[in-house]
Amino acid sequence: MLPPAVESPAVPDIIRIVPATEQDVPLLHTFIRELAEYERLLHEVSATDDDLRRTLFGSRPAAEAAIAYEGDTPAGFALFFPNYSTFLARSGLYLEDLFVRPSFRGKGIGRRLLGHVAALAVARGVGQGLALARLGGGKLRIDMRHPQHPPIGGHVSRARDHNCR
C-alpha cells in the first residue's frame, strides 16, 4: 500500500499522478520528444514506441514512469528506475527524467511528480531512497538516504536556486 500522495497547497485537486501503462507508450514517447526538444537534444532521440514498449513493459522492465494529469489533460511525466549502492549495500530509485509541459509549469506539478517518486521509494523501503534527480537541463542531487526524511519540498526549491527548469 502506498503512503498518501505528497500534497502541495498550490496544486488544485484536479492534478492526479498515475503509473504509466502500456497504453501510455505513445504519450510517453511524445513527452520524451518534447523534453528533448526543450533541451535542444531532439536530434539524439532514437527511441521508438516499440523500444519503449519493450523496455518499460516487456518481460524485464528496465524503468517505470508516472504521468501527471490536470483534469484529463496530460501535463508531465517522471521516468525512474532502481539503482544500487555497493558501498551501502542498499537499493534506491534514480529519477532519470522529470518533465512538465510549459503551459502547466508553475502549478506545483513537478513537485507532485517528484513527491510521488519519493513516496514510492519510501513505500518500497529502499534504503538509499531517491538518489539523484534530473530536472530539465540541470541536475539536482536528492539525498534521501533515510526513508523517514520529511517531505522533499525544500529540495525542489533548491532546484530553482540551481537553475533547474
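Strand S2, residues 64–70, has six of its seven residues buried, so the rest of the structure largely encloses it. Keep in mind that this is a predicted model. S2 pairs with strand S1 and also with strand S3, and a few ring contacts are worth a look too.

**Strand pairing around S2**
- S1 (residues 15–19) runs antiparallel to S2, and five bridges link the two.
- Pro19 has Ala66 of S2 as its bridge partner.
- S3 (residues 73–85) is also antiparallel to S2, this time over seven bridges.
- If you want a spot to start on that side, try Ala68, whose bridge partner in S3 is Gly76.
- The S2–S3 hairpin has two residues between its strands, and Gly71 there takes a positive phi near 65 degrees.

**Aromatic pairs**
- Searching the whole structure turns up three aromatic pairs.
- One of them is Phe31 with Phe77, a stacked pair with 5.4 Å centre to centre and 10 degrees between the planes.
- Phe31 belongs to helix H1 (residues 25–38) while Phe77 belongs to S3, so this pair ties together parts 46 residues apart in sequence.
- Phe31 and Phe77 are both buried.

**Arginines over rings**
- Arg16 lies over the face of Tyr69, 4.5 Å from the ring centre.
- Arg105 has its charged end over the ring of Tyr38, at 4.6 Å from the centre of that ring.

Technical notes. Residues numbered from 1 in each chain as written. Predicted model: local features only at pLDDT ≥ 70, side-chain atom pairs only at ≥ 80, totals over all residues. Heavy atoms only, no water. Buried < 20%, exposed > 50% of the residue type's maximum accessible area, 1.4 Å probe, protein only. Helix = DSSP H or I, 4+ residues; strand = E, 2+ residues; numbered from the N terminus. Pairing = 2+ DSSP bridges. Phe/Tyr/Trp six-rings, centres within 6.5 Å; stacked < 30°, edge-to-face > 60°. Lys NZ or Arg CZ within 6 Å of the ring centre and 35° of its normal.
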